[in-house]
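Reader: I am new to reading protein structures. Could you show me one and take my questions?

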Amino acid sequence: MLCVVPVLPQHRLDSIQVLDEVVVTAKQNREIIAPQKLSGKELEALNVFSVADAIRYFSGVQLKDYGGVGGLKTINIRSMGTNQVGVFYNGIQLGNAQNGQVDLGKFSMDNIEEISLYSGQKSNIFQTARDFGSASSIYITARKPRFKAGKATNLKASLKIGSFDLLNPSVLFEYKLSDAVNMSFNGEWINSSGKYKVHYKRVFPNSDMVAYDTTAVRKNGDLNASRLEASLYGVLPRGTWAVQAYNYSSDRGVPGAVINNVWRRGERMDDINSFIQGNTKLNLSGWWTTQLNMKYAADYTHFENFDYTLYPTNNKFWQKEFYVATANIFPIKPWWDVSLSYDFQWNTLDADFQRMDDYDVFAYPTRTSHWLVVATAFDFDRLKVQASLLNTFVHESVKKQIVPEDKQVFSPAFFGSFKIFRDEDFRLNAFYKKIFRMATFNEMYYVEMISSDIDPEYATQYSAGLSYRKARKNSFWRNLDIQLDAYCNTVEDKIISTPKSPLFKWTTYNLGYVKIKGIDVSLGSTMQIDRLLFQSKLQYTYQKAQDFTDPTDTFYGDQIPYIPWHSGTAIVSVAYEDWALNYSFIYTGERYSQSDNIIYNHVQPWYTHDISFIKTFRVNAIHCRAALEINNLLGQDYEVIFNYPMPKRNYRFSFVVEL
Amino acid sequence: MKRPVAYIVLIWILGMGFLSCREDEHIIVAEYQRIPDPVDPNSRIAGMYLVNEGNMGSNKCTLDYLDFTTSVYMRNIYPERNPTVVKELGDVGNDVQIYGEKLYVVVNCSHKMEVLDARTGIRLTQIDIPNCRYVRFYRGQAYVSSYVAGVLIDPNAPLGAVYKVDTTTLKIIDKVTVGYQPEEMEVLGEYLYVANSGGYRVPYYDNTVSVVELERFKQVRKIPVGLNLHRIRKDDYGRLWVSSRGNYNDIYSPYGSVSSNLFVLEKKMGYNDMVVTDTIGIPCSNMAIHGDSLFLYSHEYDNQGGESMLTYAIINVRTKEVVSKNFITDGTESEIKMPYGIAVHPETGAIYVSDAKNYVSTGTLSCYDKNGKRQWRVQTGDIPAHMAFLKKINECGTLVFLY
């Protein structure tokens, strides 16, 4: 739809036996408001390295990027905050009960088939209760095995090398065990010194004479990471099943803020994230289709500070999570479905602060959560409507500190889509949703924290939009895709952590009220002249996100930190036979690094131009693909987060063989 | 053939039109604001410097100056006066003092003490001291407390140090190891008294004041005072007033819950050693002594409600009695969210209280007259905290304008 990769995958679908998607009627599995989506070919053409890089191309999204290969990358959708975003990997939510954030930089694009972004929620009622439970969601889907007729194995190997001393080999092996079961194995190793040049320059106002101009090398940003994944996909007489095992381990430097007189830091972090998850969908009878999801996850994090001038830190954290969910849909009439889903989750956090003595103030929290959702969907041909009511119950127990009260919250959502003309795919979409997030373990039990009872943080969304899609076979315009959305969100009882007294003591409380008004526009098109294929996608976001917490604040009514008023992206691709050229542009307008919209906190706009060349070819039966990328082509010195400089121009070369 | 390309280019140009572009980053220039104080031409005090700490990692330590000779408040004067200094003043200012003609700014997370010309705000040099905290002076030498004495021997217990810096050559000439994580210091007689906090050793905080004999520059004694010491000031009666932060009511501490307190140290008749003679029994976060009055503010937490209680008290240092529990008399203390610095004008007795708000936004500085009525309030930088008064020389006290 969007970008082009020539030859290789173009005709693949015709001769592939798809194992999946046998189950249930198509109607029930389709969401009524289409997500923003990047999949297979478009993703390959964009040549992005991590999921975080890909998500920058969605509208309404702000990526928080601390720079470099190993730097933390989180996203904020429609300004409601990082913690309000749910991230789902192969259909099951990734958890981080400790800090509530998922580092999207950890998810490499090596085996990713599709990334979708849903505002509100996936508007599909046959899903687990947790799918209803975030203000917005990202779904990351790994590649599933597909075999050409007569083939029982697929092998893909790739090697990426580039700036920051990057070395990234990976291998993907898919094997057809039987007609009913496929297997897939994927492994990857990423190694990078993370070193890059940063440049700081200041000029005098008016005269533009140089005041200072300095270049340094960003250090302690090294990364050594590996990822292993194994999956089984099967079909049953009346459904499907899948099991996945995932392991990611890394050892990295934490480069820290660039401040006066300090150019290097001693903080290090290693982590191991593992999970095993399974899913099965069964069409039990004409009136009952069910799915079962299960997951067990274990995460380990180790922070250490080797800087002798600072507080000696050597902290280890262990998180465990068990999750089980059942979702059921009951078609009552051809135009009316009802669904019922129940999820259960158990989380614990364990910590070791490497102390010699027996002093231990850590809370050792355990959280059990129950989600129950009742939903209904009506499909009157041109008008589709959904309503859901989610009931969340959270119980927490602690070994130390004060036990928080049990929380129970009802959160409703309504989604609707109306096809305006009978023969055109021109729709009016709208939704309302009120949702909340719980305080994370860090927010409640951080060491040296005075923990008080913290209420959930609520996000309310009103959104309306128009979408138009048109595909034509034999004309100059092959494809047109226009989307326009306007929304108004509020975030209440925002959970805020601040040091409540000098130095060591922190506290978390519910304070903060933010109103967000925004417009997202996107325009995608495909044009073909002869064998030349042009594709483009333009996307623009306007956001006004104001802090209305306290009228006596100096920043009352000011734009909240790091939300630009204007942002946008443009992608243009040109393909000619087995050559392709992709160009992308990302713009983030002026914004402020702190609450007060004053000159001292002003952050200039930044924009980068990225370009990539791709050539595909065959050597006997082997498909080869070579790509060269140049990112930040004009070498702009920019910072997404104040004092965390981003790399200047950098290069990456990748070579993929497939057989 | 040309049409699609033209179309894309057109949209492109239209799109670019309303997006603003990036320019070279400018040196940040100071802001000036008039304050309603009458100018007293006979005053010996020219002005007051204020250091805004800036939140950790923000590199937003800034220097403000209140000019009493013109009644103008100047915000962020450092960058324009020192445009060539890469990344400006630095990260987390922790102290400011004036000695002779020089202004000393201790910048904690930038691991340096910045030395400026006190009349112009122009930088003379920087002295690198790891994790430096406070500076005091005695006979041409500057003494800088530092959380670390050097490369770790025992990672769980790095002892702190006091560095000795010559104020003429501006070079480190000596170092003495003191207690754990030393904070403020005070010179009394021939001795330097150092309040040790032990803040890195939770819950086993330090509880001593180190006594350093200045002549030999040796730690001669440690006086047990109270848990987690912070401030130390002398009065006109040869006493030391030492504040303890306690353990923030930590019920899991082996010492039990200990709240903040204020102690008085004095020499016993016939002895040369300072000992604790009085415990005032009032929490103290910061203090300023003016004549017989000790002004203090404190934030204490209520562990149940998670609320912090703010107190603005006056203590008569002669009688050691709490004279007032609120030196702000006009009710404007409710507009201060987080008091973070206090200073008293040496002549007028005006009280300056800074407000750090939520630590990540612009703070304020409020001026109260000696009766506790608010005279004015100005916006400062982030986390306004430390103040120092500049004396006039030959009637010429104005900070030199460069622009």
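Reader: What is the strand order of the open sheet of 4 strands in chain B that includes E17?

Author: This is a predicted model, where local features need pLDDT of at least 70, side-chain atom pairs count only at pLDDT 80 or more, and totals for chains, interfaces and linings use all residues. Residues are numbered from 1 along each chain as its sequence is written, while chains are lettered from A and ligands numbered from 1 in the order in which they are written. Strands (E, at least two residues) are DSSP runs, numbered from the N terminus, and two strands pair if DSSP finds at least two bridges between them. Pairing in this sheet is antiparallel, and the order is E17-E18-E19-E20.

Reader: Which are the edge strands of that sheet?

Author: An edge strand here pairs on one side only. Two strands of chain B fit: E17 (229-234) and E20 (274-279).

Reader: What is the bridge partner of B:Phe263 in E20(B)?

Author: Strand E19 of chain B covers residues 261-267. It runs antiparallel to E20(B), and 5 bridges join the two. In E20(B), B:Phe263 has as its partner B:Thr279.

Reader: Why is one side of strand E9 and of strand E12 in chain B left without a neighbour in the sheet?

Author: Another open sheet of chain B has 4 antiparallel strands in the order E9-E10-E11-E12. E9 (132-138) and E12 (172-180) stand at its edges, so one side of each stays free, as each has a single partner strand.

Reader: Which residue of E11(B) is the bridge partner of B:Val144?

Author: E10 (residues 141-146) and E11 (residues 159-166) of chain B are antiparallel and share 6 bridges. Within E11(B), B:Val144 is matched with B:Tyr163.

Reader: Which residue in the turn between E21(A) and E22(A) has a positive phi?

Author: E21 (residues 366-380) and E22 (residues 383-397) of chain A pair antiparallel over 15 bridges. One bridge pair is A:Arg367 with A:Glu396. The two strands form a hairpin with 2 residues between them. The phi is about 60 degrees, and the residue is A:Asp381.

Reader: What is the radius of gyration of chain A?

Author: Chain A has 4 helices (H or I runs of at least four residues) and 40 strands. The radius is taken over C-alpha atoms, and the globule rule is 2.2 Å times the number of residues to the power 0.38. For 659 residues the rule gives 26 Å, and chain A is close to that, so it is as compact as a globular protein of that length. Its radius of gyration is 25 Å.
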